[in-house]
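Biologist: I've got this one open in the viewer and would like to talk it through. Could you take me round it, one question at a time?

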Amino acid sequence: MIQLFHVFKTFGADAKALEDITFQVQPGEFVCLVGPSGAGKTTLLRLLYGAERPDRGQILVNGRNMARLSRRRLPDLRRSIGIVFQDFKLLPTKTAFENVAFAQRVLGVPERLIRRRVTRILARVGLSRKQDAFPRQLSGGEQQRVALARALVNEPALILADEPTGNLDDGLAQEIMALFREVNSDGTTVFIATHDRQLVARAAGRILALDHGQIR
């Protein structure tokens, strides 16, 4: 599902973000990448979904070589990946339903199918009664649930999450992690980057530790 071989990434002459990173994530795994702020977690995730390119090394995601994948073909790969961000990245003028449906409409999915898919996924994350609410009317935990629903609506093989509980209190963070575990139990590969080691320990997945750009 994910394979990295001797990956290096720098920003400028002295800013080493990642140094000789090698690891694999098998299909269906639940993996947490832990490390302090500035360790390189976000950079690594950006490499996995093609927002950055490695300076050296190979990255394979769903069997595709990210170093050789053209910008034109990136959208095809990203349709098989769900991405969840710390700051939610919801469209403020659209309802929860519309935020989840937005990418589907861009892809030209028939409206009847969109309504069925979005209604089902919002129910799965416990937001059936909030589908007409705007982001400003939702709590932080509810906004993150919308973001997770948006990532899941295409039924991706892989979920990438960058500090998905960073803006939430401990109780809400545990709820969101439980949702990730539920998604994983259905066969979706889940790869989460976080600084919260205690939360990761309770999640009971495989742990990779990143520090100063290196896997320890």
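Modeller: Sure. Before we start, contact here means heavy atoms within 4.5 Å. Also bear in mind that this is a predicted model.

Biologist: With that cut-off, which residues does Gln144 touch, not counting residues up to four places away in sequence?

Modeller: Gln144 is found in helix α5. Leaving out residues up to four places away in sequence, we're looking at what else comes within 4.5 Å. The residues that Gln144 touches are Val84, Phe85, Gln86, Phe88, Pro164, Leu168 and Ile176.

Biologist: Is Gln144 buried or exposed?

Modeller: Buried means under 20% relative accessible area. Gln144 has a relative accessibility of 1%, so the label is buried.

Biologist: How far is a polar atom of the Gln144 side chain from the backbone oxygen of Phe85?

Modeller: Phe85 is among the residues that Gln144 touches. A polar contact needs N or O atoms within 3.5 Å. From the backbone oxygen of Phe85 to a polar atom of the Gln144 side chain, the distance is 3.3 Å.

Biologist: On to β6. Which residues point the other way from Ile81 and Ile83?

Modeller: In a regular strand the side chains alternate between the two faces of the sheet. In β6, Ile81 and Ile83 take one side, and all the residues on both sides are buried. Pointing the other way are Gly82 and Val84.

Biologist: Which residue in β7 stands opposite Gly82?

Modeller: β6 pairs with strand β7 (residues 158-162) in the parallel sense, over four bridges. Opposite Gly82 in β7 stands Ile159.

Biologist: And the open sheet of four strands: which are its edge strands?

Modeller: The order is β2-β1-β4-β5, with antiparallel pairing. An edge strand pairs on one side only, and that picks out β2 (16-25) and β5 (64-65).

Biologist: What is the bridge partner of Leu60 in β5?

Modeller: Strand β4 (residues 56-61) and β5 run antiparallel and are joined by two bridges. For Leu60, the partner in β5 is Asn65.

Biologist: Now the pockets. Which element gives the most to the lining of the largest pocket?

Modeller: That pocket has a volume of about 560 Å³. Of its 18 lining residues, the closest to the centre are Arg78, Ile81, Ala103, Arg150 and Asn154. The elements giving two or more residues are α2 (74-78), β6 (81-84), α3 (96-106) and α5 (140-152). With four residues, the one that gives the most is α3.

Biologist: Which elements do the buried residues of α3 pack against?

Modeller: The buried residues of α3 are Ala96, Phe97, Asn99, Val100, Ala101 and Gln104. An α-helix has 3.6 residues a turn, so residues three or four places apart point the same way. What the buried residues of α3 pack against is α4 and α5.

Biologist: Which helix gives the largest share of the lining of the second largest pocket?

Modeller: The second largest pocket has a volume of about 160 Å³. Its lining includes Arg120, Ile121 and Arg124. By class, that lining has five nonpolar, one polar and four charged residues. The largest share, three residues, comes from α4.

Biologist: Last one: how many of the eight residues of α1 are buried?

Modeller: Helix α1 (residues 41-48) is mostly covered. The buried residues are Lys41, Thr43, Leu44, Leu45, Leu47 and Leu48. Out of eight, the number buried is six.

Key:
Residues are numbered from 1 along each chain as its sequence is written. This is a predicted model: local features need pLDDT of at least 70, side-chain atom pairs count only at pLDDT 80 or more; totals for chains, interfaces and linings use all residues. Side-chain values use heavy atoms; hydrogens and water are left out. On a 1 Å grid over the protein atoms alone, a cavity is a set of points where a 1.4 Å probe fits but cannot get out, and a pocket is an open set with protein on both sides within 12 Å along at least five of seven lines; lining residues have an atom within 4 Å of a point. Grid points are joined across faces, edges and corners, and a volume is the space filled by probe spheres set on the points. Ala, Val, Leu, Ile, Met, Phe, Trp, Tyr, Cys and Pro count as nonpolar, Asp, Glu, Lys and Arg as charged, and the others, Gly among them, as polar. Buried means under 20% relative accessible area, exposed over 50%, partly exposed in between (1.4 Å probe, protein chains only). A polar contact is a pair of N or O atoms within 3.5 Å; within protein, one must be able to donate a hydrogen and the other to accept it, and residues adjacent in sequence count only if both atoms are side-chain atoms. Two strands pair if DSSP finds at least two bridges between them.
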